[in-house]
Amino acid sequence: SPRAGGEESRLAGDRMTITSRVPALLDYLVALFQNAATLGAATPPVTVFDGPPTTELDPGLALYVGLSDPDNAAAETAADFTQSWGGLGRQARNETTTIHCCAQAWAGTDDLKTVRVAATGIVAAVEVLMQSDTTQFGGNVLYPAPGVGVGALLQNNTTQGAIARVAFDLTFMSRIGG
């Protein structure tokens, strides 16, 4: 029977298996970014969202973890993962995980340069955290593969002011079992 969060399931006897590292990795990344001196604990702080926010408040600086398009009202893919056998037998699997994220900067002015620099600065802060983590991301991955790997800069001047977003992916390699 599935356990809380859908991450583990019972097999024969008391042996547990992890279906995917995605739920634990998402939780770890949200906490890492919320507590980082360069993001959530910065001045001014970057508001870190775990997926889509439930509020319509639009902070000046934001990082969405598990969400690439904050304007999409439909459900979005938070992460993708693929698995392959990790050796002989069926005891181990290799998992490649991609977490979709979006860095956003907004200002009530028409200064695109400032918000563009701020949005890409959020991604740079994430990249530094990817390169400096020594915990294997809470024991959830073997290594970032390569961490920040793909991104797209979107920018617009609206009647509410300039906005820039960098939709980007974080890619990791994990081992499950064996």
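A nonpolar core is a set of buried Ala, Val, Leu, Ile, Met, Phe, Trp, Tyr and Cys residues joined through side-chain atoms within 4.5 Å. Keep that in hand for the first exercise. The model is predicted.

**Exercise 1. Find the largest nonpolar core and say which elements build it.**

Step 1. Start with the general rule. In soluble globular proteins, nonpolar side chains tend to be buried together.

Step 2. Get the size. The largest nonpolar core holds 36 residues. L29, F33 and L170 have the most contacts inside it.

Step 3. List the elements. Those that give two or more residues to this core are α1, β4, β6 (92-106), α2 (112-132) and β8. The largest share, 8 residues, comes from α2.

Step 4. Look around F33. Leave out residues up to four places away in sequence. F33 then touches L39, G40, V48, L63, V65, V126, L129, M130 and L170.

Step 5. Check for another core. A second, separate one has 5 residues, including F49, A62, Y64 and C102.

**Exercise 2. Locate the salt bridge and say which parts of the chain it ties together.**

Step 1. Recall the principle. Side chains of opposite charge can pair when their charged atoms come close.

Step 2. Count. The structure holds 1 salt bridge.

Step 3. Name the partners. The side chains of R165 and D71 meet at 2.8 Å, N to O. The cut-off is 4 Å, so the pair qualifies.

Step 4. Place them. R165 lies in strand β8 (residues 161-177), and D71 in the loop between β4 (61-65) and β5 (79-85). The two are 94 residues apart in sequence, so the bridge ties together distant parts of the chain.

Step 5. Sort by exposure. R165 has 11% relative accessibility and counts as buried. D71 has 58% and counts as exposed.

Step 6. List the contacts of R165. Set aside neighbours within four places in sequence. R165 is then in contact with D69, P70, D71, C102, A103, Q104, A152, L153 and L154.

**Exercise 3. Decide whether L67 is buried or exposed, and find what it contacts.**

Step 1. Place the residue. L67 is in the loop between β4 and β5.

Step 2. Apply the cut-off. Buried means under 20% relative accessible area. L67 has 4% relative accessibility, so L67 is buried.

Step 3. Read the contacts. Neighbours within four places in sequence are again left aside. L67 is in contact with G51, P52, P53, E76, H100, C101 and C102.

Step 4. Add a distance. The C-alpha atoms of L67 and F168 are separated by 9.5 Å. Along the chain, L67 and F168 are 101 residues apart.

**Exercise 4. Pick out backbone exceptions at P44, P146, Q136 and F137.**

Step 1. Set the baseline. Most residues other than glycine have a negative phi, and most peptide bonds are trans.

Step 2. Take the prolines. A cis peptide bond joins T43 and P44, with omega about -5°. P44 sits in the loop between α1 (22-35) and β3 (47-50). The bond from A145 to P146 is also cis, with omega near 10°. P146 belongs to strand β7 (residues 143-158).

Step 3. Turn to phi. Q136 is not a glycine, yet its phi is positive, about 55°. F137 is not a glycine either, and its phi is also positive, about 55°.

Step 4. Place both residues. Q136 lies in helix α3 (residues 136-139). F137 is in helix α3 too.

Step 5. Compare exposure. Q136 is partly exposed at 40%, whereas F137 is buried at 1%.

Definitions and conventions: Residues are numbered from 1 along each chain as its sequence is written. This is a predicted model: local features need pLDDT of at least 70, side-chain atom pairs count only at pLDDT 80 or more; totals for chains, interfaces and linings use all residues. Side-chain values use heavy atoms; hydrogens and water are left out. Helices (H or I, at least four residues) and strands (E, at least two) are DSSP runs, numbered from the N terminus. Buried means under 20% relative accessible area, exposed over 50%, partly exposed in between (1.4 Å probe, protein chains only). Contact means heavy atoms within 4.5 Å.
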